Amino acid sequence: MSTTGATADPLAALGALPGVADSVESVRKAVDRVYGHRIMRRRSNEITSEAALRGARGSAALSGADWALEEVRRRTDFSGDDEARVVGAALRLTAEAGQLLSIWRQSPLRVLARLHLVAAAEQGGQVGRPRQQGEPVDEPLVTQPLPSAADVSARLEGLSELVIAGSSAPALVTAAVVHGELLALRPFVSHNGLVARTAERIVLVGSGLDPKSVCPAEVGHAELGREAYLAAFDGYLSGTADGMAAWIAHCGKAVGLGARESTAVCEALQRGAA
């Protein structure tokens with residue numbers, strides 16, 4: 001996404017695109033249903049923990065480690081094969097996200113570096129910093145041409161400025177742009193998809209839309225599937241009004257499905273308590 005243009009608040013301009021308001025309203029209703037559930041008033045910590053687990057599983061699935069939820073729940077060692085390490089990274093990122101909320105609005109680049117450090121600690125000197133020119137990127141899901149290291153640096157700085165400046169745009173719009181821009185840039189040598197989806201979560205939680213982190217968009221992204229995810233991402237990359245609106249709508253559907261998942265968890269807990 002270009003951060004230059006006639007408007008001082010490009011995110012707000014995206015919020016005004018046709019159809020985006022409908023997506024925002026749909027997400028708000030889905031989130032309100034979860035927060036209005038009677039179980040949330042008594043057992044919100046359990047819902048948050050379960051949402052974190054399911055969100056990590058969903059994000060890992062999109063990055064090639066599509067494990068059953070119960071396998072993720074059961075496993076204690078994530079140091080084995082490549083899939084196990086992806087799942088472990090997703091779980092660590094979900095746990096770390098809540099510790100970074102207060103830093104995000106002041107220093108998003110610092111948060112992104114920390115997220116990569118948490119996800120990919122085994123990669124030595126390449127960890128926790130944007131990739132340098134010529135360094136390969138391990139991101140099998142996203143195959144579009146990589147921006148140059150110089151472009152990455154400039155666009156990360158632009159994204160950081162947008163976040164720090166704040167916006168009147170709905171949280172969904174900001175979260176979708178952060179997610180899409182990080183996928184487009186792939187600023188690190190690995191784990192970019194996991195980091196991008198974690199950053200989306202941080203925006204949704206930190207904005208106050210989902211303060212208890214019980215509406216995991218990662219669940220929805222996984223449920224909608226890789227094909228739909230990549231098709232919507234192509235819309236983001238196009239930079240057109242229709243393409244951007246389609247990407248925002250896709251992210252809205254993902255948040256709605258995450259909210260539905262946690263509503264189902266509330267219902268299950270309520271039945272168990274009855």
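Two residues are in contact when heavy atoms lie within 4.5 Å. Keep that in mind while we look around this predicted model.

**The whole chain**

Let's start with the big picture. The protein chain has 13 helices and zero strands. Its radius of gyration is 18 Å, close to the 19 Å that the globule rule gives for 274 residues, so the chain is as compact as a globular protein of that length. Along the principal axes, the C-alpha atoms fill a box of roughly 60 × 45 × 35 Å. About the inside: 51% of the 274 residues count as buried. And if you take the contacts with a separation of 6 or more, 72% of them are between residues 24 or more positions apart. On the outside, the accessible surface comes to about 12000 Å², with 52% of it belonging to carbon and sulfur atoms.

**A closer look at helix α8**

Helix α8 covers residues 149-165. At 1.5 Å a residue, its 17 residues should span 24 Å, and the end C-alpha atoms are indeed 24 Å apart. Which residues of α8 are buried? They are Ala149, Val152, Leu156, Gly158, Leu159, Ser160, Leu162 and Val163. The cover over these buried residues includes α1 (10-15), α6 (101-104), α7 (108-119) and α9 (171-185). Right after α8 comes Gly166, which has a positive phi, near 80°.

**Salt bridges**

Side chains of opposite charge can pair when their charged atoms come close. A search of the whole structure turns up 15 salt bridges, including these:

| Pair | Closest N to O distance |
|---|---|
| Arg54 and Glu261 | 2.8 Å |
| Glu70 and Arg73 | 3.2 Å |
| Arg201 and Glu218 | 2.9 Å |

Take the salt bridge between Arg54 and Glu261. Arg54 sits in helix α3 (residues 38-62) and Glu261 in helix α13 (residues 241-273), so the pair ties together parts that are 207 residues apart in sequence. Glu261 counts as partly exposed because its relative accessibility is 24%.

Glu70 and Arg73 pair up within one helix, α4 (residues 69-74): they are three residues apart, which means about one helical turn separates them. Arg73, at 36% relative accessibility, is partly exposed too.

Then there is the salt bridge of Arg201 and Glu218. This pair links helix α10 (residues 192-206) to helix α11 (residues 217-224), with the two positions 17 residues apart in numbering. Are Arg201 and Glu218 buried or exposed? Both are buried.

Finally, salt bridges with shared partners join Glu50, Arg54, Glu70, Arg73 and Glu261 into one network.

Conventions:
Residues numbered from 1 in each chain as written. Predicted model: local features only at pLDDT ≥ 70, side-chain atom pairs only at ≥ 80, totals over all residues. Heavy atoms only, no water. Helix = DSSP H or I, 4+ residues; strand = E, 2+ residues; numbered from the N terminus. Expected span 1.5 Å × (residues − 1). Buried < 20%, exposed > 50% of the residue type's maximum accessible area, 1.4 Å probe, protein only. Salt bridge = Lys/Arg side-chain N within 4 Å of Asp/Glu carboxyl O. Rg over C-alpha atoms; globule rule 2.2 N^0.38 Å. Areas by Shrake-Rupley, 256 points an atom, 1.4 Å probe, with all protein chains shown as cover.
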